[in-house]
Amino acid sequence: MTPERLAVIRRREAALVQLSRIMSKREGEIMNAGIPPLSSIPEYVGSVFIDRFSAVPLRAIFKLHFPAVTQVIDLTYGRGRFWRWDWPFLLIGVDHDGGITHVVEPTVFYHLDSCSPEQVVAACYRSKHQPEVAVIDPPFLHGAPQSGQSTSSTGMHVDYHSVRRSEDVMQNYRGMLATAWELGCRGVVVKCKDTIASNKYVPIEAMVTLELSRAGFALVDKAVFVPATALPIDPKWRNIAHFRRQESYYLVGRRIPTTTPRRPHEHLSSRLP
């Protein structure tokens, strides 16, 4: 490759990086503006949501599947972008990082050293909270190379440095689904996204669906969310082997009834202080 050709390629890559930064800044400005209240949004019953806000499909899911819940727990609260809408229930946020600035403040926030089932259940037990639905949106990878570290330029999991492989992502899902079961939640909403790892397609959505049933929840519905922002042109187009994943999935699960029901926290109450 000639030096002139190499210089052209580098200039194009620099321009794409600058464009990506501009798009991210504009998206942040839009997010800060918030979304209209639920009452001002017309009814929408389709399963595919093309929108700027990831909160839109979540809001529709609660309106359709969980309209009468009084307590909800978000096991991966982060900054709280999911909750830029007029939610009509007590919202419990859980996260291991207490230094994140919340975009939306939950009703109650638990800053825990570990979001293990035992710690989360103990926190709810002490506060006498009994969430009916758990929301799960752990960090996910996109386009991870063979080294296992994500190459995503969006910084979507900058606060989760331990999540470097799809196996780590799935371990997070398993742990949080177990937490939802231990809490006695009758429903879960799980956001996930297929990914590419080590040049192989990883069907995270199918894997999470399987984990739902293993955790004791039946899949009852699914929504697809496509951000209304275009992906930047990839300068390495000729070298990629898979389409870039832009869509994400919202899986709705309901607790599978057991033949021997027990009271919430009954199995852990003897170990709690």
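The structure holds zero disulfides, a disulfide being a pair of cysteine sulfur atoms within 2.5 Å. The sulfur of Cys 124 is a helpful example: the closest cysteine sulfur, in Cys 185, lies 8.0 Å away, which is too far for a bond. Cys 124 counts as buried because its relative accessibility is 0%, and Cys 192 is likewise buried with a relative accessible area of 0%. Here, buried means under 20% relative accessible area, exposed means over 50%, and partly exposed falls in between, with a 1.4 Å probe and protein chains only.

A word on the source: this is a predicted model, in which local features need pLDDT of at least 70 and side-chain atom pairs count only at pLDDT 80 or more, while totals for chains, interfaces and linings use all residues. Residues are numbered from 1 along each chain as its sequence is written, and side-chain values use heavy atoms, with hydrogens and water left out.

Taken as a whole, the protein has five helices and ten strands; these are DSSP runs numbered from the N terminus, with helices (H or I) of at least four residues and strands (E) of at least two. Of its 273 residues, 41% are buried. Contacts (heavy atoms within 4.5 Å) often link distant parts of the sequence: among those between residues at least 6 apart, 65% join residues at least 24 apart. The protein exposes about 15200 Å², and carbon and sulfur atoms supply 55% of this area, as computed by the Shrake-Rupley method with a 1.4 Å probe.

Helix α5 covers residues 204-215, and its end C-alpha atoms are 16 Å apart, in agreement with the 16 Å that its twelve residues should span at 1.5 Å a residue. The expected span is 1.5 Å times one less than the number of residues. Within α5, the buried residues are Ile 204, Glu 205, Val 208, Glu 211 and Leu 212. They cover an arc of only 120° around the axis, which puts them on the same side of α5; the arc is that of the directions from the helix axis to the C-beta atoms. Just after α5 comes Gly 216, with a positive phi of about 100°.

Strand β10 (residues 248-255) is mostly covered, with six of its eight residues buried. Strand β6 (residues 187-192) runs antiparallel to β10 and is joined to it by six bridges; Lys 191 has Tyr 250 of β10 as its bridge partner. Strand β9 (residues 217-227) is also antiparallel to β10, with eight bridges between them, and Phe 225 stands opposite Ser 248 in β10. Two strands pair if DSSP finds at least two bridges between them.
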